[in-house]
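The following account is to be read alongside the sequence and the three-dimensional model. It begins with a single side chain and proceeds to the chain as a whole.

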Amino acid sequence: MGAYRDLLRTPGVGRIIAAQLTARFPNGMTSLAILLHVEQATGSYGAAGLVLAATSVGQAIAGPITSRWMGLWGMRKVITLTMVVCAIAITTIALVEMTLPAYMVLGLIAGLSTPPIQSAVRTIYPKMVNSRQLTPLYSLDASLQEIIWILAPVVITFVATQVGTWEALILIVVILLGGGTWFILSPELGRVRIPRSKRRLGKVLARPTVLLATVIGFLLIGACAAVEAGVVATFGHGGLEAGLVLAVFSVGSLAGGLSFGHIPIGPWAMARRMGIVAAGLCLTMFSLNVWWLGGTLLLAGIGIAPALAVLFAITSASVKFSDTAEAYGWVGTGQLIGAAAGSAVAGFLIDGVGPQGAYVAAAIFAVAGAIVAVACVRAFPDLRHRDPSPLPDTEPTRIIT
């Protein structure tokens, strides 16, 4: 823990972590709140699912685009604009009764205008700490984001069921504006300027490490989404066991990230960490007993945050500073698509063979991720004795003679 104490003593690190976690807290609330609100308004879960799909499509499209805009217009301008538009869209969904197509359009707008907080903060990190601290910082960030996925669904479900669904959406808007403003006002956003990228949109995916991070992120988050669907199908929406088992899954990730965050990242780091996730998820297929699932998901969770930390580090170390925000945008888009794919595949298998099918899907996603990591090990950079900061942007300098 000494590495984390030193890290948090670095000026601004604790503040920027707290601000970005607050600003991203609505990410763990919005989908569930929209689902509950639209279902209540239309009386159809199918209609609510279409609105959620539109929102997810918007988020997937926006990731690399809004991240790239930060190099054109600055982080504060882009985050402020997207935050305001997103808040207006969610407020309209909450307060105005409308037809399903209108809900879908507003869901799409809310997704397209999701503030690129994650891309911004991971672009800022290398400028705040020295090279020795950067890997632990990525690990700490990946670990602490589990707080969002543990607390946010509980809070929004309580508000939506005990107070009201439109009140839950307004709470999201308040947190979005409050956390986003706190993040925007952080001094680091004024000190760090992302150079304008000279590459065309999407060119950064030609970097093998960025493509690997996007693909493995897709498979890892796909596995997690399938697990969530399986746990809910196993114990029911109202089952206390479902919440506890998913909490154990997240606690395992938090513990793994904090335990392994100081370990230097070599070419085999991703394969080992995905191997832990795959092993735990393969074991889930043997029993649906609450204690068995809790234990196996605790094991699987131990590899998740460390694997995400590797994704962040290899992305940072393999691109120019001007391309980091867009690269993280693509990685985030891969994870969003993975979440949608994992949920969809698990849903079909649950309907066909029961809850066991979701755990089979999760195991397949995780094993595929481990296989990709092993097969492409030569493409992973060795960061054990290397600065994981982004590559510097250079350009010719005119010499006056």
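In this predicted model, Trp 73 has a relative accessibility of 47% and therefore counts as partly exposed, since that class lies between the buried limit of under 20% and the exposed limit of over 50%. Trp 69 falls in the partly exposed class as well, with a relative accessible area of 31%. Both residues belong to helix 4, which comprises residues 45–73, and because they are 4 residues apart there, about one helical turn separates them.

How are the rings of Trp 69 and Trp 73 placed relative to each other? A pair of aromatic rings is described by two quantities, the distance of the centres and the angle of the planes. A search of the whole structure returns 2 aromatic pairs. For Trp 69 and Trp 73, the ring centres are 5.4 Å apart and the planes stand at 55°, so the pair is classed as tilted. The reasoning rests on two cut-offs: centres must lie within 6.5 Å for rings to pair, and a pair is tilted when its planes are neither under 30 degrees apart, which would be stacked, nor over 60, which would be edge-to-face.

Helix 4 can also be approached from another part of the chain. Leu 112 is located in helix 6, residues 100–112, and is partly exposed at a relative accessible area of 34%. Leaving aside residues up to four places away in sequence, Leu 112 touches Gly 58, Gln 59, Ile 61, Ala 62 and Thr 66. Between Leu 112 and Val 232, by contrast, the C-alpha to C-alpha distance is 28 Å, with their positions 120 residues apart in sequence.

Further residue pairs relate sequence separation to distance in space. Val 84, in helix 5 (residues 75–95), is partly exposed at 37% relative accessibility. Its C-alpha lies 9.5 Å from that of Val 173, although the two are 89 residues apart in sequence. Ser 259 is part of helix 13, residues 240–260, and has a relative accessible area of 40%, which makes Ser 259 partly exposed. The C-alpha atoms of Ser 259 and Pro 306 are 8.8 Å apart across a sequence separation of 47 residues. Gln 356 is in helix 18, residues 356–375, and is partly exposed with a relative accessibility of 39%. Gln 356 and Leu 383 are 27 residues apart in sequence, yet their C-alpha atoms are 39 Å apart.

The description now turns to the whole chain. Its secondary structure consists of 18 helices and 0 strands. Of the contacts with a separation of 6 or more, 83% are between residues 24 or more positions apart. What radius of gyration would a compact globule of 401 residues have? The expected value is near 21 Å, and the chain has 21 Å, so the two agree. Along the principal axes, the C-alpha trace spans about 75 × 45 × 40 Å.

Burial and surface composition complete the picture. Buried residues account for 52% of the 401 residues. The accessible surface amounts to about 17,200 Å², and carbon and sulfur atoms contribute 68% of that area. Among the side chains, 25 are positive and 16 negative, and a distance of 15 Å separates the centres of these two sets.

Notes. Residues numbered from 1 in each chain as written. Predicted model: local features only at pLDDT ≥ 70, side-chain atom pairs only at ≥ 80, totals over all residues. Heavy atoms only, no water. Helix = DSSP H or I, 4+ residues; strand = E, 2+ residues; numbered from the N terminus. Rg over C-alpha atoms; globule rule 2.2 N^0.38 Å. Buried < 20%, exposed > 50% of the residue type's maximum accessible area, 1.4 Å probe, protein only. Contact = heavy atoms within 4.5 Å. Areas by Shrake-Rupley, 256 points an atom, 1.4 Å probe, with all protein chains shown as cover. Lys, Arg positive; Asp, Glu negative; His and termini not counted. Charge placed at Lys NZ, Arg CZ, Asp CG, Glu CD. Phe/Tyr/Trp six-rings, centres within 6.5 Å; stacked < 30°, edge-to-face > 60°.
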